[in-house]
Amino acid sequence: MGALVDGFGRVHTDLRVSLTDKCNLRCTYCMPPEGLEWMPAPELLTDDEIVRLVGIGVRELGINEVRLTGGEPLLRRGLVDLVGRLAGLEPRPHLTLTTNGIGLARVAQSLADAGLHRVNVSLDTLRPDTFVALARRDRLADVLAGLDAAAAAGLTPVKVNTVLIRDVNDGEALELLDYCLDRGLSLRFIEQMPLDAQHGWDRRLMITADEIMAKLTVAHELTPVPVRGSAPAEDYLVDGGPATVGIIASVTRPFCAACDRVRLTADGQVRNCLFARDESDLRTPLRAGASDAELAERWRAAVAGKRAGHGIDDPSFLQPARPMSAIGG
Ligand code: SAM
Ligand code: SF4
């Protein structure tokens, strides 16, 4: 087996698969209010194509962790069956899903039964009016119901992803932490990144890792958890543990040197970085009859050319053409 290794010796074992670019929310840091022009259906990988590519990933390329994302992955028809097929791959990957939580209450148990190990649910606020301001839809109750259902279905540890935006929800850091601590959910704050479709990112609106720490340590003692490995979150024990809180400081404390992720978009393009400016087409050769070995080789070449880092602080930084929702966050 030839693993996915880049020119800096980084080995890629963690695959993010976007199942759709569509979404039922319109988070301001992700999409414009009117949404985006969605990918035409024939361009999307079919279930068979996804299972084939992920199968090549786990058998030939050393992928051992598969995260399903989007857009909103719960909008993909037949998701439970697809999860079942991916869980049936040999060797079996650790299978997780990142979702906004809408509709999760309905499918959490079926997803767990089909072989999903865990979920990450995005939750930026506990206030219905702030939810509408941030996500432009009145769906907070669905998200909270989804979180409860995920925990009840054993999709644990349930991780909660929160993006704080200045003067919108940055006053809620402690409330969100207490909410998660009370329910055994594992909260991680993510610095806002320049990946929105409307290119409206403004560094001054981003709440930095330092600011998040300052907000949390008003009420809690945070001690670093020493082992980080390739995980992007800097984890802290809260008040001595065992509960933890994470901070994903992609902008102010980049973790590119330890990155082990590679992405497959819903239309079959390999991206070696969230911020990559080019991608490698697997769908065209796949549909033209390429063998597993040929597809694996293309995939290796796509990862081999990965850049050292995202370069957000570099004056020449250019935001990628695809927004987060079409890459797979
Ligand atoms: N729709 C699902 C969700 O919201 O969880 C999955 C896709 S979403 C793109 C994945 C994660 O990316 C979410 O936690 C979301 O908050 C985060 N995200 C989206 N745009 C972001 C941005 N500009 N900066 C930082 N995180 C972002
Ligand atoms: Fe949808 Fe997730 Fe983007 Fe929000 S962050 S608009 S839920 S894809």
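1. Ligand 2 is surrounded by Cys 23, Leu 25, Cys 27, Cys 30, Gly 71 and Asn 100. By class, this shell holds four nonpolar residues, two polar ones and no charged ones. The model is a predicted one, and the points below should be read with that in mind.

2. Gly 71 belongs to the shell of ligand 2 and is also listed among the closest residues to ligand 1. The others in that closest group are Tyr 29, Glu 72, Ser 122 and Met 193. In total, 17 residues surround ligand 1. They divide into six nonpolar, nine polar and two charged.

3. Which atoms of ligand 1 pair with Tyr 29, Gly 71 and Ser 122? For Tyr 29, a backbone N or O atom is 3.0 Å from a nitrogen atom of the ligand. For Gly 71, a polar backbone atom is 3.0 Å from a nitrogen atom of ligand 1. For Ser 122, an N or O atom of the side chain lies 2.6 Å from an oxygen atom of the ligand. On its own, ligand 1 exposes 540 Å², and the protein buries 95% of that area. Strands β5 (94–99) and β7 (159–163) are the elements that give two or more residues to the shell.

4. Helix α1 (residues 47–60) packs on helix α9 (residues 292–304), with the axes 10 Å apart and at an angle of about 75°. Angles of 65 to 115 degrees count as roughly perpendicular, so α1 and α9 are roughly perpendicular to each other.

5. On the α1 side of this contact are Arg 52, Leu 53, Ile 56, Gly 57, Arg 59 and Glu 60. The α9 side consists of Asp 292, Leu 295, Ala 296, Trp 299 and Arg 300. Sorted by class, the contact has five nonpolar, one polar and five charged residues.

6. Two peptide bonds that precede proline deserve a check of omega. The bond from Thr 156 to Pro 157 is cis, with omega near -5°. Pro 157 sits in the loop between α5 (140–152) and β7, and β7 is one of the elements contributing to the shell of ligand 1. Gly 241 and Pro 242 are also joined by a cis peptide bond, with omega about 5°. Pro 242 is found in the loop between β10 (234–238) and β11 (244–248).

7. One backbone value concerns phi. His 199 is not a glycine, yet its phi is positive, at about 55°. This residue is in the loop between β8 (186–190) and α7 (209–216).

Definitions and conventions: Residues are numbered from 1 along each chain as its sequence is written. Chains are lettered from A and ligands numbered from 1 in the order in which they are written. This is a predicted model: local features need pLDDT of at least 70, side-chain atom pairs count only at pLDDT 80 or more; totals for chains, interfaces and linings use all residues. Side-chain values use heavy atoms; hydrogens and water are left out. A residue is near a molecule or strand if one of its heavy atoms lies within 4 Å of it. A polar contact is a pair of N or O atoms within 3.5 Å; within protein, one must be able to donate a hydrogen and the other to accept it, and residues adjacent in sequence count only if both atoms are side-chain atoms. Accessible areas come from the Shrake-Rupley method with a 1.4 Å probe; for residues, only the protein chains shown count as cover. Helices (H or I, at least four residues) and strands (E, at least two) are DSSP runs, numbered from the N terminus. Ala, Val, Leu, Ile, Met, Phe, Trp, Tyr, Cys and Pro count as nonpolar, Asp, Glu, Lys and Arg as charged, and the others, Gly among them, as polar. Axes are lines fitted to C-alpha atoms, for helices over the stretch in contact, and angles run from 0 to 180 degrees between N-to-C directions. Angles under 35 degrees count as roughly parallel, over 145 as roughly antiparallel, 65 to 115 as roughly perpendicular and the rest as oblique. Contact means heavy atoms within 4.5 Å.
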